Each structure stands twice: as C-alpha cells, then as structure tokens.
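Got the viewer open and the cartoon drawn? Here is a short tour, one selection at a time.

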Amino acid sequence: MLHSLMAIQSYKSGNTPEAQQPWLQLLAAAEQPHINLERIHSIAELEGTNPVLDYTERTLHVLEKLQVSFWVREILEEVLIWSETAKAGSREQRRVWQKQGVNLFVHNVGSAQLYDLYIGANHLDNDIGKSGGTSINQPGSLSDALSKNADMSKHAVLTSHTPRHEVIRTLIATHGLIGQYIRGEIPFAENAPLHALIVKGWLTTDELHTILLALNECIIAGVDPALWVQVQAEVQRIVGWIITGPDHEDWSVKERLSRLRSSSIRQGEAVDTAYAKLQTELNVEQALAPLAHRTLWYVESAMQDFSLQEMVKVFLLTLRSESMTPTSIEKQSDIVRHISFEPLMNTMYYDYKGVKKLNIYKKRMIEKYLEQYAWEQIVAGEQIVYPHLTHRTERHVDLPDTLFVTFEFSPAAEKLIAFCIEAEKSPLYEKAVLLLFDLFGLRRDAYDRFHNEETYLSDMNSSGDYKKVLLDYIVGKRVLDIGPGGGILLDLIEQEKPEVEPIGIDISANVIEALERKKQREGHRWQVMKGDALQLEQYVQPGTVDTVIFSSILHELYSYIELDGRRFNSDTVVAALRSSFRVLSPGGRILIRDGIMSEPEAQKRRIRFLELDGMRWLERYAEDFQGRAIKYERISDNEVVMPINDAMEFLYTYTWGEEAYVHEIQEQFGIFTPTDYKNCILEALGEQAEMMTFEHFLQEGYTEALGERIIFMKEDGSPAPLPDSTCLIVIEKKKGLANA
C-alpha cells in the first residue's frame with residue numbers, strides 16, 4: 001500500500017497526523033466554510049466529513065492500481081498528496097497564506113505555492129547533482145537521476161533546487177488543467193510549463209506522456225471512474241498536443257462556450273441554435289476576445305442553469321468592470337489572469353432535505369436584472385441601477401491577478417429570500433414569494449411553484465394514463481395543450497397521433513425551461529411557448545387551432561389568476577374558454593379534464609380518521625385553505641361531519657400529503673358542480689358551442705390512497721363511496737360560424 005494511504009488510514013483510525021506529514025496535517029484541517037460546492041450533492045453532507053481529504057484518498061487508490069514504474073508512482077504520489085492543499089488548512093492558516101500571497105482560489109497555483117512553502121523551506125539545500133545524480137544544469141532525464149539515487153532518502157532530494165522538486169511543483173501547478181481545458185475553462189497556453197519539462201531535459205517525451213496520462217486518470221477517475229472512460233481518448237489527444245509544443249491552436253469562442261455549457265447541453269440546451277441567435281444580436285467572437293488569455297473558474301457550476309445569452313452578458317459585465325477595482329492595483333486590465341465564479345456558485349445553492357438545491361429565487365432576480373441590459377448598453381459601459389441587486393466583481397491587493405464575480409443582493413432581499421426558503425414548509429410560502437416579487441417589481445407567474453418544481457413536474461408526468469383518454473377526442477392537425485406541466489400529454493399526442501402538431505403553452509418560465517431541455521434531450525417534435533391562457537390570440541392566429549386542451553388546468557387558472565382584483569373567480573374560467581374559442585377553427589374542439597363538485601351541494605358526509613394526526617390535518621387545512629371557508633362539525637376526537645364538497649376538497653389535499661400542502665391549500669380542485677359547469681360554458685360561448693360529451697367519474701387511485709387513512713360515511717354513519725372527483729367535457733365549435 002502507498003505510504004500516503006497508510007497515513008490517511010491511520011489518521012482516520014483516530015491517530016494524530018504525524019509531524020513529518022505536513023500535507024496530511026493541512027488536509028485534515030480542512031473546514032467546511034471554504035469548501036466549494038462544485039462536486040457536493042448536499043451541503044448537509046459536509047457535516048462530519050472532509051471532502052478534500054476523501055477526494056485525495058480516492059485519487060491515491062486509483063494510483064495504487066495503475067501499472068506504472070516505481071519512480072512514476074513515487075512522483076505521482078507526491079503530486080496527489082499536495083494538489084488539494086489549497087482547499088485545506090484551518091481558518092488561521094488560510095489567513096496567513098493569503099497575506100503571504102498564496103492564491104487559495106486558483107487551487108492548482110495555490111497548492112504549488114504551498115508545496116514550495118512547506119517542502120522547499122523545510123529541507124536542506126541539497127540537490128541530486130551533489131549526490132552523484134543529475135543537477136538542474138546537467139543533462140539527463142529525471143528518471144535517470146532517480147534510478148542513480150534509489151537508495152537516497154526521499155526527503156534528502158526534496159529541495160527547491162532539484163529537478164525532482166521542480167517537476168513535482170510543475171505537475172501540481174498544472175494539476176487538473178487538461179480537464180479544465182476540455183471543459184473550456186482555460187486557454188491551452190496554461191499547459192506550457194509541462195512542455196518546458198521536456199525542453200529543460202528533465203523528462204523525455206515518453207516519460208511526460210506516461211506521467212500525464214496516469215496523473216489525469218487519478219484526477220478524473222477520483223471524481224468518477226465512468227467520467228475517465230468518457231474522456232480518456234480526448235485526454236490522450238491533448239497530452240499529445242502538450243508534448244508537441246505549447247503553441248497549439250485554442251478552441252474558438254463558440255467551441256469554448258459550448259464546452260462551458262456541457263452540463264446545460266446534457267440537460268437539453270440547444271446550444272447551436274442559441275449561439276446562432278446570439279450571433280444575430282452581437283459579434284460574439286469580438287466581444288469575448290478579451291477572455292482568450294484568461295482562465296475561468298467554476299463557470300459551469302455557477303451558470304449551468306442560466307441561458308447562454310445570460311452567461312455571455314455576465315462575461316461582458318465582468319470584462320467591463322475590470323477597470324472598476326481598487327486603484328492601488330496598477331495596470332489592472334493587463335494582469336488579470338484568472339476569473340473566478342466561485343462566489344457566485346456558492347451563493348446559488350442551499351440545502352433542502354439533504355439535496356443541494358438551486359436557489360431559484362436568486363436565479364429569477366438575476367435573470368430580470370440581466371434582461372434590462374441591451375447589448376449596446378453593456379458594450380458602452382452603461383450602469384443600470386436595479387434596486388436590491390447588482391453585479392459585483394472584486395480584486396484583492398494580495399491576489400492582483402484574480403478577479404472574483406458574483407451578484408450582490410441587498411440585506412432586505414437576502415432576508416426575504418431566506419424567508420422564502422424557510423416558508424417552503426408552511427402556508428406562508430405563497431405570501432413570502434409574493435413579497436419577494438413585489439420587492440423586485442416583478443409579476444408573479446401563477447404556476448412558478450419554485451419550491452419542489454422538479455417533483456411537481458415529475459408528478460404531472462406520472463398521470464399519463466389518466467390523460468390518455470383525451471386522445472380519443474382530438475380533431476384536426478394543430479393542438480394546443482394549455483399548461484403542459486411535465487410534457488406527458490405532448491409526448492402522448494406525438495406518439496399516438498403522428499399527424500398532429502402538438503403545441504404547449506404555459507405562463508411558467510420554470511415549466512418552459514424544463515420542457516425545452518426535455519425536447520432537446522429526447523428529440524421531440526412538439527413545440528412550447530411561454531404565454532397567457534387568457535390571451536391565446538397573442539400567440540396563435542385566431543381560427544388556426546383545431547383542438548385546445550385544458551387538462552387539470554382550469555382549476556389553477558380559477559385559483560391563481562386575479563381578475564377584477566380577486567382570485568377564485570369564475571370569470572377567469574369564462575375568459576379562458578372565450579380565449580380558446582377565438583383561436584379555434586370551425587369544427588374544432590375544446591377538451592376539459594378537471595375537478596368537479598357534487599350535487600346537491602347541501603348533502604353531508606362523515607369522516608372517521610384512522611391516523612392519529614388526521615384531525616390536526618383538518619384543523620390546519622380549514623385555517624389555511626384560501627379558496628373558501630371550510631366547514632366541519634367535530635363529533636368525536638376522530639370524527640367530523642362536513643358538507644360533501646368541503647370534505648372532498650380537504651381529502652384531495654390529504655391524499656397528496658405534506659410535500660404538496662403549501663401549494664394545494666392555494667388551489668380549489670372542484671370548482672363547479674355539473675350544473676354550474678354547463679351554465680358557465682353556456683355563458684362563455686353561447687349558441688356557437690355544442691357540448692359533445694359531459695361525463696364525470698371518480699379518479700382511479702383515491703379510494704385506495706384513502707382506504708387505510710379514513711372511513712367515508714353518510715351523515716347517519718352508513719358506508720358511502722367517494723363521490724365523483726373528475727369531469728371530461730368536449731365542446732365543439734359549430735361550423736360555418738365566424739370567429740368570436
């Protein structure tokens with residue numbers, strides 16, 4: 001076993017890091033506040049763990065299994081144990097290092113500086129040449145020197161004047177750069193010091209080739225063995241370029257941007273289309289030319305959830321702001337070598353139930369901030385004042401070559417965002433989000449759930465079997481799916497009706513972004529657009545749509561959209577039906593699948609709770625529900641009598657459970673009785689519309705979901721089935737009529 005692995009195991013068994021192992025002392029002292037979030041899946045996982053030490057250990061395990069010579073293994077072991085040290089150390093140590101000019105934010109550079117600091121200063125000024133080997137000025141490769149000095153103490157040759165030390169230092173200083181070049185984060189010239197090892201005669205081309213391939217396998221497989229398999233061929237190609245010379249041609253701006261967007265592309269971003277659109281608005285190559293000689297740190301992690309256009313705007317704002325840094329740093333634009341997005345990355349995430357979660361609140365605010373900037377304004381250096389948010393770059397006098405990028409929120413905005421996150425678990429959530437949007441002067445998109453949006457969209461997709469019944473009623477070739485959610489109905493139409501053109505319209509930016517990614521990722525032909533269901537003629541020409549589908553969306557329009565100053569307003573449903581009717585072609589159809597209330601409305605039902613917290617659930621629900629006053633009469637510790645529609649409205653939320661509670665109390669699922677639905681449709685569409693189908697039924701699954709949680713009874717205590725929950729309505733626009 002490698003000596004370093006034995007030392008780590010000894011430390012993890014409870015032994016104090018040995019005094020002669022300074023690298024282990026530093027790694028063991030790594031503390032949570034300065035560990036970046038790039039490879040962390042949960043912020044909570046940092047508690048009681050040391051990701052820096054754990055990653056180093058994984059790289060050493062990879063090294064231990066490689067078939068390499070003894071001297072290569074010895075060199076690489078030394079490189080790996082020092083390469084993460086800039087991420088380590090105690091707070092006090094890091095403060096001292098920064099004052100000494102150690103760049104802790106450009107980790108490969110900082111780790112090389114620490115290697116010099118701890119190894120170069122702590123050993124006698126010996127070199128291999130004094131012991132009969134190769135000195136810095138003597139010919140012969142490092143492997144020759146090591147073979148001649150195999151019996152020497154390792155530490156006797158670890159000095160700042162030996163080729164061995166310089167080779168190790170160079171490998172630490174360039175540690176990870178091949179991977180960063182693959183990701184578009186650095187210019188190729190950053191690898192030049194590696195080629196210099198050949199020029200100086202310290203390594204042969206074969207030796208450098210062997211070392212770089214083995215080192216990068218350790219680095220990359222230490223993150224994920226599958227990732228190494230994926231990039232191995234490209235690593236081999238780049239190693240060949242390094243050996244050939246330092247003047248290899250760099251990626252084009254488009255290629256570099258594409259590599260910086262690799263995660264977004266995997267999620268479904270159509271980067272070629274986005275770049276082509278961007279080129280019509282901006283000379284991208286020219287605008288981003290100043291980035292060519294800069295390294296970019298944590299761009300992908302910080303900005304993968306933003307669009308390509310937004311990322312480019314951030315780059316241009318960053319370049320523009322270079323001159324707006326402390327005057328004590330001379331020739332600032334000439335010496336900025338590294339641009340770090342680590343502060344932005346770290347502010348964009350928080351921990352939610354053990355998962356690292358994107359701060360969608362901050363994302364939406366940053367998007368709005370960037371939207372205000374026209375390209376001409378950025379290029380001209382105009383500054384837009386936006387309340388509570390600004391783009392900020394920072395330079396440190398002791399790190400003049402590094403620029404740090406983030407967005408700074410006002411204290412009031414930070415507190416309100418923190419309040420939104422905390423309120424995700426309570427009925428205050430909706431009010432908290434409204435306050436945040438008011439603070440930033442934004443419209444509250446009715447269906448941007450923010451909290452748990454991914455789970456919501458997944459749940460929508462799981463309802464495919466229920467939605468499939470709608471396919472039998474579709475007519476014509478052009479179909480609008482209003483509020484497509486996770487896209488399951490669009491998928492079904494595409495699969496089952498290849499002659500049909502499916503189009504999804506949703507007011508939620510979250511939903512549209514997710515669907516665009518899904519479309520690109522899975523190769524769908526359906527289209528989606530952001531739009532308002534009450535103004536459909538703004539997005540499609542009147543009379544050109546053959547079928548409009550409202551699948552479990554009318555109750556959301558009813559519940560969320562304010563019309564004439566109030567929510568839970570039947571006029572909203574009337575407006576949505578009229579809007580859809582205007583875009584409908586003669587003979588076209590409106591399909592409705594949604595909640596329904598029972599009639600007669602005066603009938604009552606008794607509920608016996610079989611769970612201890614059932615009564616508490618009802619009491620809480622009656623207090624929090626926004627749609628109307630929920631009435632109930634408590635007749636025992638676990639039984640109540642309620643109007644049938646109040647009982648069912650409560651039970652729909654009770655079925656969904658705690659995770660959906662904060663949203664379900666904002667929505668009224670059953671909005672009309674059958675009679676009221678027919679009257680609403682007649683009022684909205686009049687004699688132009690013919691009702692082809694009007695059915696209602698109990699949605700499959702409710703009886704099973706509630707069977708072990710409640711007993712549902714008539715008012716006298718006799719058994720009663722659950723009433724119908726869902727309706728299916730088909731409305732046809734009579735032929736020969738002009739559009740309304």
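Start by selecting the buried residues of α31: Gly 614, Met 615, Trp 617, Leu 618, Arg 620, Tyr 621 and Asp 624. Keep in mind throughout that you're looking at a predicted model. Now bring up what sits over those α31 residues: the cover includes β12, β13, β14, α32 and α33 (658–664).

**The sheet under α31**

Show the whole of α31, residues 614–624, and you'll see that helix lying across β12 (604–609), β13 and β14, at about 35° to β14. Next to select is α32, residues 644–656, which packs on the sheet and touches β12, β14 and β16. The direction of α32 makes about 115° with that of β14.

Now hide the helices and look at the sheet itself. Its 4 strands run in the order β13-β14-β12-β16, with antiparallel pairing, and the sheet is open. At the edges are β13 (633–636) and β16 (710–714), each of which pairs on one side only. On average, neighbouring strands here are turned by 25° against each other, direction ignored.

Zoom in on β13 and β14 (residues 639–643): this antiparallel pair is joined by 3 bridges. To find one of them, pick Glu 633, whose bridge partner in β14 is Val 641.

**Over to β6**

Next selection: strand β6, residues 399–409. Is β6 largely enclosed or not? Of its 11 residues, 8 are buried, so the rest of the structure largely encloses this strand.

Add β5 (residues 389–396), which runs antiparallel to β6 and is joined to that strand by 8 bridges. Together β5 and β6 make a hairpin, with 2 residues between them. Pick Thr 390 and look for its bridge partner in β6, which is Glu 408.

Then add β2 (residues 338–340), which pairs with β6 in the parallel sense over 3 bridges. Here the residue to click is Ile 339, standing opposite Leu 403 in β6.

**A helix pair**

Jump to α3 (residues 51–65) and α4 (residues 70–82). Two numbers are handy for a stop like this: packed helices are described by the angle between their axes and the distance between the axes. The axes of α3 and α4 come within 10 Å and cross at roughly 170°. That crossing makes α3 roughly antiparallel to α4, since an angle over 145 degrees counts as such.

Turn on side chains for the contact. From α3 come Thr 56, Thr 59, Leu 60, Leu 63 and Glu 64, and they meet Arg 73, Leu 76, Glu 77, Leu 80 and Ile 81 in α4. Coloured by class, this contact shows 5 nonpolar, 2 polar and 3 charged residues.

**Three single residues**

Select Asn 216 in helix α11, residues 205–223. With a relative accessibility of 3%, Asn 216 counts as buried. What does Asn 216 touch, once residues up to four places away in sequence are set aside? The answer is Ile 178, Gly 179, Ala 221, Trp 228 and Val 235. Draw a C-alpha to C-alpha line from Asn 216 to Ile 178: it spans 7.7 Å, while the two are 38 residues apart in sequence.

Move on to Ser 264, which you'll find in helix α14, residues 262–266. Ser 264 is also a buried residue, at a relative accessible area of 4%. Leave out its neighbours within four places in sequence, and Ser 264 is in contact with Glu 269 and Gln 304.

Last of the three is Ala 274, in helix α15, residues 271–279. Buried or partly exposed? Ala 274 counts as partly exposed, with 26% relative accessibility. Its C-alpha is 8.5 Å from that of Ser 307, and 33 residues of sequence separate the two.

**Zoom out**

Reset the view and show the full protein chain, with its 35 helices and 17 strands. There are 740 residues in the chain, and 57% of them count as buried. Among contacts with a separation of 6 or more, 73% are between residues 24 or more positions apart. Finally, switch on the surface: the accessible area of the chain comes to about 31100 Å², and carbon and sulfur atoms account for 51% of that.

Technical notes: Residues are numbered from 1 along each chain as its sequence is written. This is a predicted model: local features need pLDDT of at least 70, side-chain atom pairs count only at pLDDT 80 or more; totals for chains, interfaces and linings use all residues. Side-chain values use heavy atoms; hydrogens and water are left out. Buried means under 20% relative accessible area, exposed over 50%, partly exposed in between (1.4 Å probe, protein chains only). Contact means heavy atoms within 4.5 Å. Accessible areas come from the Shrake-Rupley method with a 1.4 Å probe; for residues, only the protein chains shown count as cover. Axes are lines fitted to C-alpha atoms, for helices over the stretch in contact, and angles run from 0 to 180 degrees between N-to-C directions. Angles under 35 degrees count as roughly parallel, over 145 as roughly antiparallel, 65 to 115 as roughly perpendicular and the rest as oblique. Ala, Val, Leu, Ile, Met, Phe, Trp, Tyr, Cys and Pro count as nonpolar, Asp, Glu, Lys and Arg as charged, and the others, Gly among them, as polar. Two strands pair if DSSP finds at least two bridges between them.
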